[in-house]
Amino acid sequence: MADSTTAQPQSPRPNLQRRGLLFILSSPSGAGKTTISRMLLAADDEIKLSVSVTTRPSRAGEIDGVHYSFVDDATFDRMVEEDDFYEWAHVFDHRYGTPKGAIRNALKEGQDFLFDIDWQGTQQLYQKDQQDVVRVFILPPSIAELERRLRGRGTDSDAVIEARMERARAEISHWDAYDYVVINEDVDACFAKVREILDAERMKRQRQTGLIPFVRELMN
Ligand code: 5GP
């Protein structure tokens, strides 16, 4: 924790009000988006994860409410009926969705949200809120490397890996529906590029809602 009495401001600009953004990272499984997401969350306290709801069982090490909210089918059905999702999709044998929750109000307060979702979710989120969405796609350097990374994880059977490779090819085919594409050859270099994208998007004029009074003050 930084000491608030000695911490330097992170940005040279004054504390101007800005609107938050919905920062989407997509990639085929194994291309590194989860690693990049974790690095981003650790390095930047203005962005937080949008925790998806899923019907899939938790994997070892996953915490309910942190990595996902794990729910049963009946709960998911009820949430769909009550229109609690920005978007939801079937992925493999399970369902995943983005709960609306407090996102809308938090955006106005300048809170950014990170989404680790697939192309279907990206498309739906973009349709609902084009002005706030920034879409980043992470590609593996090769298919062979992607398979090596998937096997290295050691948590899934051959059949599951085969299904994921199949799905990876399908996921990659949606690369052109994203605003930015980054090839993850080296995780640190990829992370640096993702941060540059986020920093630049925060500086977009239309997101800096505090600019009008600030500039008026400058001109007086
Ligand atoms: P996993 O089960 O490996 O955590 O995730 C499987 C896939 O589901 C990933 O491609 C991930 O991006 C996608 N996913 C996770 N959460 C959501 C969500 O809220 N909505 C959609 N559409 N996809 C999601």
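Here are some worked exercises on the cores, the ligand shell and one loop residue of this structure.

We're working with a predicted model, so local features need pLDDT of at least 70 and side-chain atom pairs count only at pLDDT 80 or more, while totals for chains, interfaces and linings use all residues. Residues are numbered from 1 along each chain as its sequence is written, and side-chain values use heavy atoms, with hydrogens and water left out.

**Exercise 1. Find which residues touch the most other members of the largest nonpolar core, and which elements supply it.**

Step 1: get the term straight. A nonpolar core is a set of buried Ala, Val, Leu, Ile, Met, Phe, Trp, Tyr and Cys residues joined through side-chain atoms within 4.5 Å; buried means under 20% relative accessible area, exposed over 50%, and partly exposed in between, using a 1.4 Å probe and protein chains only.

Step 2: pick out the hubs. In this 16-residue core, they are F23, L25, I36, L40, V136 and V194.

Step 3: map the elements (DSSP runs numbered from the N terminus: helices are H or I, at least four residues; strands are E, at least two). Two or more residues each come from β1 (22-26), α1 (33-43), β8 (133-139) and α7 (187-202). The top contributor is α7, with five residues.

Step 4: look around I36. Leaving out residues up to four places away in sequence, I36 is in contact (heavy atoms within 4.5 Å) with L25, I138, V187, C190, F191 and V194.

Step 5: don't miss the other one. A second, separate core has 11 residues, including L22, Y86, I103 and L107.

**Exercise 2. Work out how the ligand is held in its shell of residues.**

Step 1: list the neighbours (a heavy atom within 4 Å). There are 16 around the ligand, and S52, R56, Y68, E87 and Y96 come nearest.

Step 2: check polar atoms. A ligand oxygen sits 3.0 Å from a side-chain N or O atom of R59, and a ligand nitrogen is 3.0 Å from a side-chain N or O atom of D118. At D116, a polar backbone atom is 3.4 Å from a ligand oxygen.

Step 3: check burial. Alone, the ligand exposes 520 Å², and the protein buries 94% of that (Shrake-Rupley areas, 1.4 Å probe).

**Exercise 3. Decide whether T55 is buried or exposed, then place its contacts.**

Step 1: T55 counts as buried because its relative accessibility is 14%.

Step 2: T55 lies in the loop between β3 (53-54) and β4 (69-70).

Step 3: the T55 side chain reaches the backbone nitrogen of R95 at 2.9 Å.

Methods
Polar contact = N/O pair within 3.5 Å; in protein donor to acceptor, adjacent residues only side chain to side chain.
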